[in-house]
Amino acid sequence: VSINGANRLGSNSLPECLVFGQRAGDHAVRFARAGAEEGRQEPLVEQAKAEAGRIQSLRDKKGGEKLAQIRRELNAAMEAGCGVFREEASLQACVHSVRQLKGRYADVGITDTSRIFNTEIVQALELGNMHTRTDFPTRNDGEWLKHSLVHFAADGPRLSYGPVTITKWQPEERKY
Amino acid sequence: MDPVIRTFEVLRFRPEQDAEPSFQTYQVPCLPDFVVLDALNAIKDDIDPTLSHRWSCRMGVCGSCGMLVNGRPVLTCNAFVRNYEGTIRVEPLANFPIVRDLVVELDSFLHKLKSVKPWIVRRIEKEVADGTYLQSPAQLEEYKQFSMCINCALCYAACPVLAHDPEFVGPAAIALAHRYNLDSRDEGNRERYDVLNAPDGVWACSYANECSQVCPKHVDPAMAINQAKLTGALQWARLLPRKSMT
């Protein structure tokens, strides 16, 4: 499924790009081709239209909220609430802040309406890790040696779990 | 510490509305530790969100924030504002077409890079099960400095040959070709020979050395090009084999 949780956080990004990125890309191409061969282009066209519509609606946004300000506040909330060392209360506070910021983001104002290398729209689209819970100092592999999967859903994130496949290296407590 | 207001002249070009590029002046509050990239981000965040520029890592590794600052190609993440006096002029990398504002079209560069096959070429690839290709520290030392290139293209913006011969393969691509030719694991020398020794290859270089002056990773492309000239000449004269030569 992934190497997250089994490896140092900083070392995950390259294999994520190179290994899982390639697998995801190959799979997406196979999936899209299969769809095209079965004559089901309409859903793909609809999806593309919806995405184009989403970008167009961003371009039209003339609200009073500043993109950079929301990003700064999001940075601060994430740093304070779910940095490397976090606990229940800080995580809850962060969830609250992020929900508020999502609400304010709906009223963002976009200045740049260009269709050429529009990095303001890109930044607007971008607005959405192993860490240590200081309130749970003891490792609990019995309950938590599993993959946590968060699925996007219209009514909010949906959580599920998957089994971990352990091959060569047995997990053990980090004592250094 | 209080920010100091600095004046930036930034080249703007928005093809949908501008007939040609022109400078726009911004007054930017700069903290003492600001690099030019911080100032550009401050412009985008707080003054003018329509400014487009490329950047990613902010630590001199990704090679995407190269621009001309006061006419010299630099990584803007590595160019401290405090080291410049007076007005600071920021332009897109020279010798490339402008897509928009400070963003240039790098297709020609990427095409040239690919043309020299900057990867390990083997006549017969080893199977994964047969293990890795071994190399001694001395063999690594042969090419190591040429392998530090981050493809930022500053050397292409600095090169006076490229300014009048856009087809010149150019410093970074030749340095990388040379890097693989020097690699004890590589057998692709013959495949790179034709590109390197074509009229737009190593022989177009007039050894101005500007590439090596601007390289942020202290690669010496000018030396690579001129070593490759020697190799090419010896190969042409059949004094060295063209195949798997190191």
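This report describes the contact between chain A and chain B and the sheet of chain B in a predicted model.

Residues are numbered from 1 along each chain as its sequence is written, and chains are lettered from A in the order in which they are written. In this predicted model local features need pLDDT of at least 70, side-chain atom pairs count only at pLDDT 80 or more, and totals for chains, interfaces and linings use all residues, while side-chain values use heavy atoms, with hydrogens and water left out.

**The interface**

Chain A and chain B each bring 14 residues to the contact, where contact means heavy atoms within 4.5 Å. The two chains bury about 1200 Å² between them, with 49% of it on carbon and sulfur atoms. Buried area is the accessible area (1.4 Å probe) that two parts lose on being put together, summed over both.

Five salt bridges are found across the interface of chain A and chain B, whereas the whole structure has 23 over all chains. A salt bridge is a side-chain nitrogen of Lys or Arg within 4 Å of a carboxyl oxygen of Asp or Glu. Two salt bridges are listed here.

| Salt bridge | N to O distance |
|---|---|
| Asp112(A) and Arg100(B) | 2.5 Å |
| Asp45(B) and Arg72(A) | 3.8 Å |

The pair of Asp45(B) and Arg72(A) crosses between chains, from helix 1 of chain B to helix 3 of chain A. Helices (H or I, at least four residues) and strands (E, at least two) are DSSP runs, numbered from the N terminus. On the side of chain A that touches chain B, helix 3 (67–82) and helix 5 (119–126) of chain A each supply at least two residues. By class, that side has three nonpolar, five polar and six charged residues. Ala, Val, Leu, Ile, Met, Phe, Trp, Tyr, Cys and Pro count as nonpolar, Asp, Glu, Lys and Arg as charged, and the others, Gly among them, as polar.

**The sheet of chain B**

Chain B holds an open sheet of five strands in the order 2-1-5-3-4, with mixed pairing. Two strands pair if DSSP finds at least two bridges between them. Strand 2 (22–30) and strand 4 (72–75) of chain B are the edge strands, each pairing on one side only.

Strand 1 (residues 4–12) and strand 5 (residues 88–91) of chain B pair in the parallel sense over three bridges; Glu9(B) has Arg89(B) in strand 5 as its bridge partner. Strand 3 and strand 4 of chain B pair in the antiparallel sense over four bridges, and Met67(B) stands opposite Val74(B) in strand 4. Their hairpin has two residues between the strands, and in this hairpin Asn70(B) takes a positive phi near 50 degrees.
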